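Grab a pencil and work through these exercises one at a time. Try each task yourself before you read the solution.

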Amino acid sequence: MKSLKAQHHRLSSPQEEIAVLEMAPFDKGNSFVSKMNESGLFPLKPTQVEILQINMGKMCNQVCKHCHVDAGPDRKEIMDRETMKECLQVIRKNEIKTVDLTGGAPEMNPDFRWFVAEIRKISQQIKIIVRCNLTIILANPKFHDLPEFYKKHKLEVVSSLPYFTASKTDSQRGDGVFEKSIQALQLLNKHGYGMAGTGLILNLVYNPSGAFMPASQEGLELEFKKRLGAKYGIHFNSLFAITNLPVSRFLEYLLRSGNYQDYMEKLVSSFNVQAAQGVMCRNTISVGWDGKLYDCDFNQMLELEVACQDSRHISEWNQKSLADREIVLNNHCFGCTAGAGSSCGGTTL
């Protein structure tokens, strides 16, 4: 399976995606901006800037059907060391409490380990998150020691696992992914991740495999722990239930399957003001592989840059301007405000 970009698919264009997101049910004044305005939350402003989510590149060893990044082996966009040095300057000079490394598979960036070590030199207190797809650990011998590397630098591991059965996981992420994911989780457990008393955090991410919203995060976590523990002896800390946003491959799936309008109407009807108040863009800045700045990872994929004329790139970082900015909104944002809310850390309520 190739990325949408490699297929020259029309939805590989962010402009085409945004055009789709202006179709029904949003063509009759039902936009996200109007909903936020009615709720007294427009313009949406940051609460603080404390999380730097950095996209290390779009290269990945998997081609998942729901991927909003459109990542895969054929994607060559990768963050260079100079851009990483600019990120380090921002981390060093500002009150960045969390650095969240994502991709693609962030570990496929040749400077990934150097970057992590440099962040850790700045402070032992900074939380460093790596968003690991699990199969990367087994993909090549040069990645086999990743659990040891994570442990050495006290990384918090957030791992994707769509379900606790092979059929649902493989249908979303590719044949054989579930078996490799289980092996990788067992390796992480062996190194202390997810085990009581070690302080080594291992969290799982659940994304629905179809055009529906996730069930209760609390209930899913209990079920995952029960099933994975009983059958495979796997332990983990928390499970994050994340709503699939209508971006890139998931948007393509919605249109191809005829589910687009029903799914979007479901998100709109589930709009929750409390969830909207806690959206992740209010305390996060997303950094693209090329250093451009965005309000969130989803805006990054739609190329909706931050509304700061003097701080559009990591090299131009202006803490005051970013803290005072208006957050850029579009109709995909309904995915973060539906039901119990959704963020890279799970529900927002």
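**Exercise 1. Decide whether His8 and Asp70 are buried or exposed, and find where each one sits.**

Solution. Keep in mind that this is a predicted model. Start with His8: its relative accessibility is 72%. The cut-off for exposed is over 50%, so His8 counts as exposed. You'll find His8 in the segment before α1 (14–20).

Now take Asp70, with a relative accessibility of 4%. Buried means under 20%, so Asp70 counts as buried. Its place is the loop between β1 and α3 (81–93).

One last step is the backbone. His8 has a positive phi of about 55° although it isn't a glycine. Asp70, not a glycine either, has a positive phi of about 60°.

**Exercise 2. Work out the strand order of the open sheet, and say which strands stand at the edges.**

Solution. First, write down the order: the eight strands run β6-β5-β4-β3-β2-β1-β7-β8, and the pairing is mixed. Next, look at the two ends of that list. β6 and β8 (293–294) each have a single partner strand, so one side of each has no neighbour in the sheet.

Then pick a pair from the list. β1 (residues 51–55) and β2 (residues 98–102) run parallel and are joined by five bridges. Across that pairing, Ile54 stands opposite Leu101 in β2.

**Exercise 3. Explain why β5 is largely enclosed by the rest of the structure, then trace its partners.**

Solution. Count the buried residues in β5 (residues 202–206): five of the five are buried, so the strand is largely enclosed. Now sort the side chains by direction. Leu202, Leu204 and Tyr206 point one way, while Asn203 and Val205 point the other way, and all are buried.

On to the partners. β4 (residues 156–160) runs parallel to β5, with four bridges between them, and Val158 stands opposite Asn203. β6 (residues 239–241) also pairs with β5 in the parallel sense, over three bridges, and here Tyr206 faces Ala241. To get from β5 to β6, the chain passes through helix α9 (residues 217–232), and this β-α-β crossover is right-handed.

**Exercise 4. Find which residues touch the most other members of the largest nonpolar core.**

Solution. The core has 102 residues, and the ones you want are Ile54, Phe112, Tyr150, Phe224 and Trp317. There's also a second, separate core of five residues, including Val158 and Phe240.

Zoom in on Trp317 next. Beyond its neighbours within four places in sequence, its contacts include Val49, Leu52, Ile96 and Leu322.

**Exercise 5. Locate the largest cavity by its lining.**

Solution. Begin with the count: there are two cavities of 30 Å³ or more. The largest holds about 590 Å³ of space. Its lining has 33 residues, and His66, His68, Thr102, Ser160 and Asn207 lie nearest the centre. Finally, ask which element gives the largest share of that lining: β4, with three residues.

**Exercise 6. Describe the surroundings of Asn244.**

Solution. Place Asn244 in the loop between β6 and α10 (248–256). With a relative accessible area of 3%, Asn244 is buried. Leaving aside neighbours within four places in sequence, Asn244 is in contact with residues including His66, Asn207 and Tyr263. To finish, check a residue farther along: His332 is 88 residues away along the chain, and the two C-alpha atoms are separated by 9.8 Å.

Terms used. Residues numbered from 1 in each chain as written. Predicted model: local features only at pLDDT ≥ 70, side-chain atom pairs only at ≥ 80, totals over all residues. Heavy atoms only, no water. Core = buried A, V, L, I, M, F, W, Y, C linked by side-chain atoms within 4.5 Å. Buried < 20%, exposed > 50% of the residue type's maximum accessible area, 1.4 Å probe, protein only. Contact = heavy atoms within 4.5 Å. Helix = DSSP H or I, 4+ residues; strand = E, 2+ residues; numbered from the N terminus. Pairing = 2+ DSSP bridges. Right-handed = clockwise from strand over helix to strand, strands pointing away. 1 Å grid on protein atoms, 1.4 Å probe; cavity = no way out; pocket = protein on both sides within 12 Å on 5 of 7 lines; lining within 4 Å. Points joined across faces, edges and corners; volume = space filled by probe spheres on them.
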